[in-house]
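Let's take a relaxed walk through a protein model. Have the sequence and the 3D view ready, and follow along as we go.

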Amino acid sequence: MRADELKEIDRKWAERWDKDRVFEADPDNRPKVFVTFPFPYMNGPLHLGHAFTSTRVDVYARFKRMQGYNVLFPWAWHITGEPIAGAAERVRRGDEQQIRIFRDIDGVPEEELKKFTDPEYIARYYIRESKRALKELGHSIDWRREFTTTSLHPPFSRFIEWQYITLREKGYVTKGTHPVVWCPHDESPTGDHDRLRGEGVSPTEFILLKFGFGDAYLVAATLRPETIYGVTNMWLNPEASYVKIRVGNERWIVSKEAVPKIKEQKDDVSVEEEIPGEKLIGKRCLDPISKREILILPASFVDPDNATGVVMSVPSHAPYDYVALRDLQRAPEQVEKYGITKEELLSIKPISLIKVPNYGEHPAIEICERMSIADQHDARLEEATETIYREEFYKGVLKEITGKYAGKKVNEAKKELIADFIAQGIADKMYELTDEVVCRCGTRCLVKILKDQWFLKYSDEAWKARVREALAGMKIFPEEARSNFENTIEWLEDKACARKAGLGTPLPWDPEWKVETLSDSTVYMTFYTIAKHINEHGIGGDKLSKEVFDYLFYGRGSVEEVAKQSGIAKEVLEEMRREFLYWMPVDLRNSAKELIPNHLTFFIFHHVALFDRELWPRAIGVNGMMSIEGEKMSKSKGNFITLKDALRDYGASVTRCTLLYASEGMRDPDWRAKNARDMASNLLAFLEQAKQIINMESSRTEEKSIDAWLRSRMQRHIKRATESLEEFKTRSAFQAGFFDVYNDVRWYLRRDEPNREVLLEVLRDWVKLIAPYAPALSEEVWSLMGEKGYISLAPWPSYREELVNEEAELGEELIARTLEDIESIVQVTNIKPKKIYLYVAPRWKWRMMEILHQLKPELKNAMQVLMREEELRKHGKEIAKLLPSLVKDPAKIEFRGYVDEARVLEEARQFFERTFDASVVVQRAGEQGIYDPANKSAKAMPLKPAIYLE
């Protein structure tokens, strides 16, 4: 069978599910499961990252549906914000890179590309293409609940208006002054999802320390203002341009690159003069604390585009400063051109101000010497810096030189110290981005202090306390991700919730601003519960007042009054309310780990703000980020595969299984073409195997232990697959439900003439275990078996403990081990045996193993314990020889119950004879009269027969 036939099967069943509306879910008397995947952003086609994460959700949905739950898996489309508008703008400008991405990577035809100057057209195009791909992929979605964000779907915009009016009423949305990541072109805050680069980067607070310099201040930016007590010199970049600017009533000297940043953060800023960096080197400035004059030295490592471009030097506690100073002092001729003498340079000594456990007077010097840091270009300086900063911040205690702060821990004194410095007029603040951020419009962003802007008060401690309570009551898959959520909650500060550019819902009380992309994607799962009725009854946005949503979500007001006021039929409102109460809360939301610092945590915040405890989310799943052939997926680098292309090349079953076998938990999945081809071979082999079982004409009818073994093993796989899926371990469940069963079926067919009824019984459960992963292929096999209805709706296999047969499993393990040992001997000796003798261990060796197993790991007195039994005392000499190696390697001590090895091997004798084309004789070691010319029988151990080949 060719791989194309798998694709035909995929398409056939996708069309049938769609035609029969198999996955539409309405409230009934069954327990429910409500699963969601973050609505994808429609500035491009769905790719393998979307496919991986959403297919994990679909697997869980299908599993729970087969377990008898009423499962709702809805879908919607996100188009809020700058990305689509920015892309349309770049197409309008003729941006070749953007056009190439649309044409060459996304596969947009030329006739469609001409219309891509309209952002709404881009959205509609990708929605149409993506919906088609998702149906082909086999997602079990209830499409009646589909919607888009923004004005493309006015009812949703009214829902967002309700959300933000309610949040504002509750005090969670406030107007204030905050630092934000700002796009100068769009004149708007730029959230994570509105960025081409720099997702997750937030404004970082720098403290500006003012060092006197004539009629101005040389303004150094630092994250560690407490270290000013150890300042020895100042660093400037001689290649950079510096400017004297007026800030209010003061004059500051900063880098030229710092000026636009300061203008966005301070009032009344003007440039007075430009000064080449080299002109400042060799001069002195005044330390505002000690009033000492300190020398200004050159340093190429100073980045003029980072904060103010002025760095104070604290060599005792900053590895970069120490190494740079050491480099200059080793070659003082470098600075002679600046009029700096060797004596001046060598007179600079480190000043210690922080006491740190396990370090001496100068921690930075100590770590640099310990790590053998060569010079200021040594890459390990970053590691040294991080180590010292961390140790000093959390464990460091300030010394006497710091005056009133002496004896205090650094992390405790820092806030007080900053407040004091600002009050004394020797310090100020500015915010900087620690990495480059580029808006979707292509403009580089900076930090702006935004006044009179609308913010979500994520810093509110009472709100955070409720979020922590919700998190504690939720399942997190995998559990190791919980700490990431806890850390995010801890550091999360107020976030701008609106921007002026791009698409979005206007803030109802301030329509100049639109709710931004990460702020309208937090509780929309609620909207799924009522979207079906809005779509079916054609309810327009004009009918969805705040009173309507208050009734639907809070049960407020009289339904008769709400019906009268809105024009929505009373029966429809009541049904919408019932749906909301039936489906909420969300039982599982799954996304990639990169969304923990924003979307997934905001999701919890908004639920606890708007709903009571019984409606808080129950579980969040997190997974890794997709790579292609070992490299991070990237459109700009061309390392990118769309879902449409994967389906074209491999079909749904292969794509789904390859993705889900790639990873689970937080590990990053890696898509490789070879893996996809191998998966196609495996799925085709399964289909052929299934057909052989179904079409088997003659078979054995009497029961053998191999039948009991296969039934027993099947129960193990059912149990492991079920437990894995309950814990959202999608890869582990596929391993158990597909590959492990497949290996056992192949062994069963190899071992003996098969029993068709046993195989059909196993196949019936096997195909169900595969159904969440390769649903179309499973439907095909189910149909070939003559089963009624869809396997997607068939009951999940139940674990039957009564079919677990330890003796049969142990016996089959004995056969497999013996086979492996014979093959090994044949290979090593290069003998083609005519006769094979198998010697099984005598009963006393089994009893010895049983006692030793009970003694593990306390084996010191093993001989004494063994010799208490009369039967074992008869074999004292033999035991004395065996015991040392067993005590030395306790892993060899194995006992899981007695096995009649002679009977088991005798039953398998024909299998061995067939395999090796030789006659096989099974004998009990120690019995009188056995044939044992090489005295091999003495080596027979439990589950490890001795072997002699002739």
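What follows is a tour of a sheet, a helix, a buried serine and some backbone oddities.

## Before we start

This is a predicted model, so to speak of local features here pLDDT must be at least 70, side-chain atom pairs count only at pLDDT 80 or more, and totals for chains, interfaces and linings use all residues. Residues are numbered from 1 along each chain as its sequence is written, and side-chain values use heavy atoms, with hydrogens and water left out.

## A three-stranded sheet

Let's begin with an open sheet of three strands, in the order E31-E30-E32, with mixed pairing. (Helices, H or I with at least four residues, and strands, E with at least two, are DSSP runs numbered from the N terminus; two strands pair if DSSP finds at least two bridges between them.) E31 and E32 are the edge strands: each has a single partner strand, so one side of each has no neighbour in the sheet. On average, neighbouring strands here are turned by 20° against each other, direction ignored. (Axes are lines fitted to C-alpha atoms, for helices over the stretch in contact, and angles run from 0 to 180 degrees between N-to-C directions.)

How many bridges join E30 to E31? Six, and the two strands run parallel; E30 covers residues 835-840. If you'd like one pair to look up, Leu-838 has Val-922 in E31 as its bridge partner. Helix H34 (residues 909-916) packs on this sheet, touching E30 and E31, and its direction makes about 140° with that of E31.

## Helix H28

Helix H28 (residues 806-829) lies across E30 and E32, at about 40° to E32. You can check its length yourself: the expected span is 1.5 Å times one less than the number of residues. For the 24 residues of H28 that should give 34 Å, and the end C-alpha atoms are indeed 34 Å apart.

The buried residues of H28 include Ala-808, Leu-810, Leu-814 and Ile-822. (Buried means under 20% relative accessible area, exposed over 50%, and partly exposed in between, using a 1.4 Å probe and protein chains only.) What do the buried residues of H28 pack against? Their partners are helices H24 (705-726), H25 (730-751), H33 (901-907) and H34, plus strands E30 and E32. At the N-terminal end, Asn-805 acts as a cap: a side-chain oxygen sits 3.2 Å from the backbone nitrogen of Glu-807. After H28 comes Asn-830, with a positive phi near 60°.

## A tucked-away serine

Ser-663 is in the loop between helix H22 (652-662) and strand E29 (670-671). Is Ser-663 buried or exposed? Its relative accessible area is 2%, so it counts as buried. Leaving aside neighbours within four places in sequence, its contacts (heavy atoms within 4.5 Å) are Phe-52, Asp-668, Pro-669, Thr-730 and Arg-731. A polar atom of the Ser-663 side chain also lies 2.6 Å from the backbone oxygen of Arg-667.

## Backbone oddities

Two loops hold cis peptide bonds. One joins Phe-477 and Pro-478, with omega about -10°, and Pro-478 is in the loop between strand E20 (475-477) and helix H15 (482-491). Another joins Met-584 and Pro-585, with omega about 5°.

Now look at the loop between E31 and E32, where you'll find Asn-935 and Leu-943. Neither is a glycine, yet phi is positive: near 50° for Asn-935 and near 65° for Leu-943. Asn-935 is exposed, at 54% relative accessible area, whereas Leu-943 is buried, at 6%.

Methods
Polar contact = N/O pair within 3.5 Å; in protein donor to acceptor, adjacent residues only side chain to side chain.
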